[in-house]
Structure formats: C-alpha cells, structure tokens
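Student: I should be grateful for a close look at one part of this structure. Could you please take me through the charged side-chain pairs?

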Amino acid sequence: MARIQWKIRELPWRLKMIMGTFISWIKLLHMTLYYNHFTSFSVALETSLEPVFWFVDKFAKYLGPIFMTMVIFLTTSVVAIFYTCLLPHVYAQSTSRTIFHLVFGHWLLINIVFNYIMAAFTNPGTPPIEIPETVSICRKCIAPKPPRTHHCSVCDKCILKMDHHCPWLNNCVGFYTHRFFFLFCCYMFCGALYVCFTGYDVFTEHFYGKTPYPFPAVLYPLNLAYDVINKTLTSTTPMAHSNYNLEVTHERQNYHLAVIFEFLVCSAVAIAILGLILWHFRMISRGETNIEIHINKKERERLKKQGIAFRNPYDFGFVENWRIFFGIEKGTGRSFVRHILFPSSHQPTGDGLTWPHEIYRGDRVLQLL
C-alpha cells in the first residue's frame, strides 16, 4: 500500500519529465528538418512559394494566350464604348473639344497598340552559341551565359538582360522588349486616366443619379457605404429618380451598363499599372532589372560584412540610365520626341552580350553574375 502511494505522488513529476523530453524531441526534429546555418527569412519565403513557382513553370505557357486574349478583349471593348458612348457626348458639348479628343485619343491608342504588339511578338534576345564574354554556365541549358543573362523556366531558354516573364504579353521582358513593355504600361496608364476623366461626368450621372455624395465618384465604395448607412440605397438608383430623364429601354440599359463598365475597368487598370510603372521607374533609374535587385541586395549585404561598399557596375546615373534604356544616347541621332513619344522600332544600343561598366574611384568594381 505504501509503495502504490509513493508512485501516485511521483506521477506529476514523471509527467513533467515526459512532456519536457517530448517537447525537446519535437524541437530537435524541427531544427533537424528545417534549420541550418544558411536559413533566413528569404529562404523560408522562397520555400513557401515553391508551389506557386511550380504552378507558374507548368501552366504559365498555357495561361499566356488566355491573358493576351483578355488584354485584347478589354482594350477593344473600352475603345468601342468610347467611340459609341463617350465621344458623342463630347461632340454634343463642343466641336473643338471633339477634335482635340480625336487627335489626342488616337495618339494614345496608336502608341498602346504599337508597343503592345512589339513587346508581345519581338524576340527578347537569346545568347548565341559563341559569346565574347562568359560569366557562368546555365545549369538548364548547359551553355555559357553572358552578363545579365538569366534562364526563363517558362520560355525554357536563356534571355539577355532578363527582367521577368510577363503572362499578359506571353513573352519575356528582356533586352529587346523591356522598352516596349515599359512604354506600353505608361501609355496604357495615360489612356485609362484619359478615359476616366473624359467620361467622369457621364459615369457620375449614371452611377449616382442626381443625389449628392460626400466623396468623389472615383471613390465609389465609400459612397456606397455612405448610401447604405443612410438607408437611401433605393432612392439613389438612377431608374428611381423622378427628375432623372432616362427611359427604361433595352438600348438605354446597355448604354447605362457600358458607361459604368468603362469607368470601373479603366480606373482599376490605372491603379494596377501605376504601381508597376513606379516599380520599373525605380529599377531603371538605378540601372537594375527585377532579378538584379535581389542579386545586388545579397551582394550588398555580403560585402557590408567585409567593410566594402557595393556599387552597381551598370549604374551610370539617373539621366544616363534612362538614355541607355530608351536607346537615345548621345551620338545615336535619336531624340525623345521622335523615338519615344511616337512609335519607333529602334533597338537598344549594343548586342546584350557585353556591357560597359561604370568605374567608381576608391571602390571595388564588381561583376554581376
């Protein structure tokens, strides 16, 4: 009896020992499977994104034509609605404004279509069999790689000065296509803003009717919340206004939906593309690509530990970086007005195989791999 009583008193201590041993074993197993000296947040993030990378590698080439069809369909629908709905509205207000819209609108449209076609169907650039300068060997192509060249898993080939693979173009953004891609984004952003401003008054009339709202029309989620809070949702519908002269016919309903669709699509596209433009503006100003940002970051951290200041060898300064990017350096005979503001199929300077380096006095010149 005394022996059994001793065992019961010992039970809490033994349970604590067992649980402590089990927790220590779990921690050891976790560190054995998932931890090593080189583990960092970026490595953990890349590991967690492996399913996304696998999906992109396997299905991006099939999604590309679908995304291209979406771009063509949305652009065509916006242009058609502008011609059939917004332009007659402008013409009813002023003939001189109509002439301006015809000239300015067609200038934007031509630049959008031209740069999209060039970005989608131009070869971004691939290294030949024999190259003048080799920095590494591609593990997938088993071929030498020039500087700033990287392998695209979607295209299954190495791309000169690769930035990224764009599914909306179904093509890589590289040495020969980066300028067309960036100009397409800029002109598409300007075109979306242009359509929003042109059809702003028509949109507010069809979306809100005659009821005044505290926020601008572009902030329609806030106005909708204001409408729900004040319980006036039914009275703000355009069809329910007594002083809103709009017949409920099939044609008028289509016109109503087309105007709202036009504004919502263009405002969403403008917001999305603005972030992309700002990101690429930062990269181009620093003489980098999307891939080189990560390479330079790791190199900068590595050299900082050695007391060495990292300098991007392809950064020639803000103005010169943009001249190189647009291919309008001094001595080329090209100008910003003729070759950037208007469609131009000129190629960037150089061959994408060798690159000049900016020399920084007092610093070690580093070669990007």
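Tutor: The following account takes the salt bridges in turn and then turns to the nonpolar core.

The model is predicted, and it holds four salt bridges. In general, side chains of opposite charge can pair when their charged atoms come close. One of the four joins glutamate 292 to arginine 148, with 2.7 Å between the closest N and O atoms. This pair connects distant parts of the chain, as the partners are 144 residues apart. Glutamate 292 belongs to helix H9 (residues 290–305), whereas arginine 148 sits in the loop between strand S2 (143–145) and strand S3 (150–152). Both residues are buried.

Another salt bridge brings together the side chains of glutamate 288 and arginine 286, at 3.7 Å from N to O. Glutamate 288 counts as buried because its relative accessibility is 5%, under the 20% cut-off. Arginine 286, at 28%, is partly exposed.

A further bridge pairs arginine 323 with glutamate 320, the closest N and O atoms being 3.7 Å apart. Both residues lie in helix H10, three residues apart, which is about one turn of the helix. Arginine 323 has a relative accessible area of 27% and is therefore partly exposed; glutamate 320, at 28%, is also partly exposed.

Helix H10 (318–326) also gives two or more residues to the largest nonpolar core. That core has 48 residues, and Phe326 is among those that touch the most other members. The largest share, 14 residues, comes from H5.

Terms used
Residues numbered from 1 in each chain as written. Predicted model: local features only at pLDDT ≥ 70, side-chain atom pairs only at ≥ 80, totals over all residues. Heavy atoms only, no water. Core = buried A, V, L, I, M, F, W, Y, C linked by side-chain atoms within 4.5 Å. Buried < 20%, exposed > 50% of the residue type's maximum accessible area, 1.4 Å probe, protein only. Helix = DSSP H or I, 4+ residues; strand = E, 2+ residues; numbered from the N terminus.
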